[in-house]
Amino acid sequence: LQKESLAQIKDAVDAKKVNEIRVHVLGKKGPLTEVLRGMRDLPAEERPKVGSFANKVRDEIGTALEERRSELEAERTAAKLAKEKIDVTLPGVQVKQGQPHVLEQVIDQIEELFLGLGFQVIAGPEVEEEHYNFEMLNLPKDHPARDMQDTFYITDSILMRTQTSPVQARTMEKHDFSQGPLKMISPGKVYRRDTDDATHSHQFHQIEGLVVDKHITMADLKGTLQLVAKTLFGEEREIRMRPSYFPFTEPSAEVDVSCFKCGGKGCAVCKYTGWIETLGAGMVHPNVLNMAGIDSEVYGGFAFGLGPDRFAMLKYGVNDIRDFYLNDVRFLEQFSQKG
Ligand code: FA5
């Protein structure tokens with residue numbers, strides 16, 4: 001029995017077979033148990049001999065069963081590991097990387113330019129007092145120009161700002177000229193009750209620019225804006241200024257950039273003029289300086305306000321401003337900074 005069992009154990013091919021042998025040989029109805037049970041019929045002097053032999057056989061078979069079981073388990077693990085081998089030469093899975101929104105990229109580029117010129121970048125509140133959004137910018141109550149920038153009111157005197165120009169007034173009030181001239185830009189979101197269409201959004205972006213010092217002239221304004229046009233649209237760009245009207249600047253100008261969409265010749269983008277309208281600008285109105293506590297007899301300044309949304313449309317040939325706000329990754333991925 002011992003020999004036969006050990007041979008069977010050696011040949012067992014899986015854990016199930018090992019268990020079957022255990023039940024068959026060592027189980028309650030197995031031959032060994034029977035031998036041990038039959039001991040009571042043996043003469044007393046034979047019992048210890050037979051008993052210890054039967055126990056030895058049982059232990060040996062038990063050990064053999066256990067050894068075979070762990071042997072089979074090791075084989076199974078080894079086979080599993082061999083099958084699951086990692087192929088380190090397989091190409092990896094590309095991790096998708098985000099990037100700044102295209103409007104953020106345009107704003108960053110302009111910020112970079114002005115930081116290099118020694119300007120400060122200042123943030124202002126989007127929920128603004130009517131006082132700063134209009135009054136301090138020379139737009140008293142009932143001024144007809146308020147119609148051009150109808151907005152969302154929170155209360156009678158608190159509104160969503162319609163332009164970044166209120167940051168001009170806030171900065172001028174605080175500025176200490178003993179520390180040097182005031183040179184700042186202020187990018188941010190603005191809101192208007194405009195109906196959304198291909199070129200208008202009820203929420204869009206502006207970047208305000210302001211310089212106040214002694215002896216500031218329109219030539220300083222033109223030189224600065226020329227640099228903006230060249231930085232964003234290419235070295236060959238020229239600008240021209242046309243008379244315009246803003247209550248907070250005098251004189252005021254509409255600034256055009258030479259058309260780069262059709263080689264300077266006429267095309268629809270340039271309304272067949274060879275120029276593209278880009279921003280509003282002018283010399284800070286004396287009333288605005290005086291209201292902010294700056295003596296307009298001593299100091300003067302220039303200001304401009306540009307729309308990065310419209311700039312991005314021109315730069316990248318985007319025909320609908322709403323595309324910037326739909327957050328469709330397939331659209332936004334086109335403006336990868338990785339090139
Ligand atoms: C202003 O808002 C003046 N604050 C700009 C300014 C600042 C003039 C400082 C002088 C001195 P305007 O309303 O034209 O001006 O708007 C400026 C720019 O914002 C426009 O040239 C245009 O690019 C952009 N813009 C205006 N309305 C919308 C709109 N609904 N959607 C997208 N962009 C707009």
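**Exercise 1.** Which residue in β8 is the bridge partner of Ala253?

*Solution.* The model is predicted: local features need pLDDT of at least 70, side-chain atom pairs count only at pLDDT 80 or more, and totals for chains, interfaces and linings use all residues. Residues are numbered from 1 along each chain as its sequence is written, and side-chain values use heavy atoms, with hydrogens and water left out.

Step 1. Locate the strands, which are DSSP runs (E, at least two residues) numbered from the N terminus, as are helices (H or I, at least four). Strand β7 covers residues 249-258 and strand β8 residues 275-284; they run antiparallel and are joined by 8 bridges.

Step 2. Read off the partner: Ala253 is bridged to Ala281 in β8.

**Exercise 2.** Determine the strand order of the sheet and its edges.

*Solution.* Step 1. Strands pair if DSSP finds at least two bridges between them. On this basis 7 strands form an open sheet with mixed pairing, in the order β1-β4-β5-β9-β8-β7-β6.

Step 2. β1 (120-121) and β6 (239-246) each have a single partner strand, so one side of each is left without a neighbour in the sheet.

**Exercise 3.** Describe the packing of α5 against the sheet and against α10.

*Solution.* Step 1. Helix α5 (residues 102-116) lies across β1, β4 (182-191), β5 (203-213) and β9 (300-306), and runs at about 170° to β4. Axes are lines fitted to C-alpha atoms, for helices over the stretch in contact, and angles run from 0 to 180 degrees between N-to-C directions.

Step 2. The axes of α5 and α10 (residues 308-316) come within 9 Å and cross at roughly 100°. That makes α5 roughly perpendicular to α10 (angles of 65 to 115 degrees; under 35 is roughly parallel, over 145 roughly antiparallel, the rest oblique).

Step 3. Contact means heavy atoms within 4.5 Å. Residues of α5 that meet α10 include Val102, Leu103 and Ile107, and their counterparts in α10 include Phe311, Ala312 and Tyr316.

**Exercise 4.** Classify the ring pair Phe331 and Phe335.

*Solution.* Step 1. Rings of Phe, Tyr and Trp (its six-membered ring) pair if their centres lie within 6.5 Å; planes under 30 degrees apart are stacked, over 60 edge-to-face and the rest tilted. The whole structure holds 8 aromatic pairs.

Step 2. The centres of Phe331 and Phe335 are 5.2 Å apart with planes at 70°, so the pair is edge-to-face.

Step 3. Ring pairs link Tyr316, Phe324, Phe331 and Phe335 into a cluster.
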